[in-house]
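Thanks for asking me to look this one over. Here are my notes, in the order I'd go through them with the structure open on the screen.

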Amino acid sequence: MQIGVCDDQKEIRDMLMEKIKKFSPVGEVVSYDSGRAVLDASQLPDILFLDIQMPQMDGMETARKLRMKNQHIILIFVTVTQDYVFQSFDVGAFHYLLKPFEDAKFQEVLQNAVRQYEERETVYADTIKQRNPLMVTVKGEHITIPMEDIVYAEIYNRKIIIHTMDADIEYYGKMKELVEKAGEDFYRPHRGYLINFNYVRKYNAATIYLKKGQALMAKQNYQDFVKAYLRFNRRKGRG
């Protein structure tokens, strides 16, 4: 993660960078003395604290041009006037900080921005994993299985059995490797199972019922399963 500060005044840049390092001591902190310096950077920051009142190219013009290059950069305006609040909506600003501000407010805004970045990266990584299919070898044949088609997987007689809605596929492999590839839509409620939350129909303290009709033991790590399933539903916007 890279956090940037763009302000034409060095003392302001130094102050903001010091606060960022104090309240979010992870990632890299970079500074720019103008909007043009940001736009010309070889790598755009993930989060940018951007002054509005700068000579030559002001913060709003900088923000509009940044949006043309990167739709995902998290923009936080830092300024002394409220005059541009409504314009900030047009460029998808994450927040609008008025100077002077308390450390507690700066910390809150920064940590919320970092949290949004981390959540977005998690969703992106999970999407990439889902798009990368599972490749297995069965009796000398190479088979491609889309991760989203997997209802659940189980260990049986030193083999892994992949269950989809249409087939059951056995191959020699390690459950640990499958878990690492699977992503956040999957959970291991029992050492012998890996389930896809998208196919969970209902559950209780003893059993997880899946849409294909299977009933799997859930008594091991049941509370952790419930918490993970609730997080999954929130991530999917289901509650």
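1. Let's begin with a charge and a ring. Lys202 sits over the face of Tyr209, 5.0 Å from the ring centre. Keep in mind throughout that this is a predicted model, so every value here is computed from predicted coordinates.

2. On to the aromatics. How many aromatic pairs does a search of the whole structure find? The count is 15. One of them is Phe197 with Phe232, a tilted pair with 5.2 Å between the ring centres and 40° between the planes. The label follows from the angle, because planes under 30 degrees apart would count as stacked and those over 60 as edge-to-face.

3. It helps to see where those two rings come from. Phe197 belongs to the loop between strand 12 (193-196) and strand 13 (200-203), while Phe232 is in helix 7 (residues 222-235), so their pairing ties together parts that are 35 residues apart in sequence. Are the two rings buried or exposed? Phe197 is buried at 2% relative accessible area, and Phe232 is buried too, at 1%.

4. Helix 7 also holds a pair of its own. The ring centres of Phe225 and Tyr229 are 5.9 Å apart and the planes are at 5°, so this pair is stacked. Both residues lie in helix 7, 4 residues apart, or about one turn of the helix. Phe225 is buried, with a relative accessible area of 0%. Tyr229 has 12%, and that also counts as buried.

5. These two pairs are part of a bigger picture. Tyr187, Phe197, Tyr203, Phe225, Tyr229 and Phe232 form one aromatic cluster. If you colour just one group of side chains, I'd pick this cluster, with the loop residue Phe197 and the helix 7 residues Phe225 and Tyr229 among its members.

6. Now the largest pocket. Its space comes to about 310 Å³. Of the 13 residues that line the pocket, Thr122, Glu184, Arg231, Phe232 and Arg235 lie nearest its centre. Phe232 therefore turns up twice in these notes, as a buried residue and as part of this lining.

7. Which elements each supply at least two residues of that lining? They are helix 5 (103-131), strand 11 (186-190) and helix 7. Helix 7 gives the largest share, with 5 residues. As for chemistry, the lining splits into 6 nonpolar, 1 polar and 6 charged residues.

8. Next, the charged pairs. Side chains of opposite charge can pair when their charged atoms come close. In this model the count comes to 9 salt bridges. One of them joins Lys22 and Asp103, at 3.9 Å from N to O. That pair links distant parts of the chain, with Lys22 in helix 1 (residues 10-23) and Asp103 in helix 5, 81 residues apart. The cut-off for a salt bridge is 4 Å, so I'd look at the 3.9 Å of this pair with that limit in mind. Lys22 is exposed, at 56% relative accessible area, whereas Asp103 is partly exposed at 31%.

9. A more local example is Lys65 with Glu61, where the closest N and O atoms are 3.3 Å apart. Both are in helix 3 (residues 59-69), and being 4 residues apart they are separated by about one helical turn. Lys65 is partly exposed at 31% relative accessible area, and so is Glu61 at 29%.

10. One salt bridge runs between strands. Glu170 and Lys159 meet at 3.6 Å, N to O. Glu170 is in strand 10 (residues 168-171) and Lys159 in strand 9 (residues 159-164), 11 residues apart. Glu170 is partly exposed at 38% relative accessibility, as is Lys159 at 23%. Elsewhere, salt bridges with shared partners join Asp7, Asp51 and Lys99 into one network.

11. A last point, on an isoleucine. Ile145 is in strand 7 (residues 141-145), and at 3% relative accessibility it is buried. How far apart are Ile145 and Ile169 in sequence and in space? They are 24 residues apart along the chain and 9.4 Å apart from C-alpha to C-alpha.

How values were computed
Residues numbered from 1 in each chain as written. Predicted model: local features only at pLDDT ≥ 70, side-chain atom pairs only at ≥ 80, totals over all residues. Heavy atoms only, no water. Phe/Tyr/Trp six-rings, centres within 6.5 Å; stacked < 30°, edge-to-face > 60°. Buried < 20%, exposed > 50% of the residue type's maximum accessible area, 1.4 Å probe, protein only. Lys NZ or Arg CZ within 6 Å of the ring centre and 35° of its normal. 1 Å grid on protein atoms, 1.4 Å probe; cavity = no way out; pocket = protein on both sides within 12 Å on 5 of 7 lines; lining within 4 Å. Points joined across faces, edges and corners; volume = space filled by probe spheres on them. Nonpolar A, V, L, I, M, F, W, Y, C, P; charged D, E, K, R; others polar. Salt bridge = Lys/Arg side-chain N within 4 Å of Asp/Glu carboxyl O.
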